[in-house]
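Student: I would like a close look at a single part of this model, taken slowly and with the numbers kept in view.

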Amino acid sequence: VLVDGIASRSCLLLAVQVDGCEIRTVEGLADPAGTLNPLQAAFSTHHGLQCGFCTPGILATATEALERGEITSRAAIVDLLSGHLCRCTGYVGIIEAIADAAGLPPESERAL
């Protein structure tokens with residue numbers, strides 16, 4: 001979740017700790033009509049989610065970083081994701097989705 005704009009582990013927070021704070025869940029990232037925000041849409045476009053277990057935490061963390069303007073390279077994204085474990089996607093789609101939402105150019109093809 002985002003607590004006053006800061007990604008936080010909801011499982012480690014007591015309700016009393018967030019009394020009076022603004023709380024945004026992953027569901028609150030979309031607009032009231034249900035239209036996905038650019039980051040959520042990029043996750044769909046780049047196949048950055050599969051089982052969905054890690055997705056809320058990654059979306060919250062990436063949302064905070066995007067709002068702060070901290071995503072300036074793919075290396076910054078890899079560093080950002082260091083605290084998240086995804087066993088389904090292999091991270092490629094996740095990294096590309098965050099890069100896309102940050103406005104980074106598409107990764108050039110790698111030499112084989």
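How many nonpolar, polar and charged residues does the lining of the largest pocket have?

Tutor: In this predicted model, the lining of the largest pocket has seven nonpolar, eight polar and two charged residues. The volume of this pocket is about 380 Å³, and of the 17 residues that line it, those closest to its centre are Ser8, Arg9, Gly57, Thr61 and His84. Two elements, helix 2 (55-68) and helix 3, each give two or more residues to this lining, and helix 2 supplies the largest share, with four residues.

His84 deserves a separate look, beginning with its place in the chain: this residue is found in the loop between helix 3 (74-80) and helix 4 (92-102). Its side chain makes a polar contact of 2.9 Å with the side chain of Thr61, and both His84 and Thr61 are among the residues closest to the centre of the largest pocket. Leaving aside residues up to four places away in sequence, His84 touches Gly57, Ile58, Thr61 and Tyr91.

The second largest pocket, which holds about 280 Å³ of space, also brings in His84, since the residues nearest its centre, out of 16 in the lining, are Phe53, Cys54, Thr55, His84 and Leu85. By class, this second lining divides into eight nonpolar residues, seven polar residues and one charged residue. His84 is thus listed near the centre of the largest pocket and of the second largest pocket.

Conventions
Residues are numbered from 1 along each chain as its sequence is written. This is a predicted model: local features need pLDDT of at least 70, side-chain atom pairs count only at pLDDT 80 or more; totals for chains, interfaces and linings use all residues. Side-chain values use heavy atoms; hydrogens and water are left out. A polar contact is a pair of N or O atoms within 3.5 Å; within protein, one must be able to donate a hydrogen and the other to accept it, and residues adjacent in sequence count only if both atoms are side-chain atoms. Contact means heavy atoms within 4.5 Å. On a 1 Å grid over the protein atoms alone, a cavity is a set of points where a 1.4 Å probe fits but cannot get out, and a pocket is an open set with protein on both sides within 12 Å along at least five of seven lines; lining residues have an atom within 4 Å of a point. Grid points are joined across faces, edges and corners, and a volume is the space filled by probe spheres set on the points. Ala, Val, Leu, Ile, Met, Phe, Trp, Tyr, Cys and Pro count as nonpolar, Asp, Glu, Lys and Arg as charged, and the others, Gly among them, as polar.
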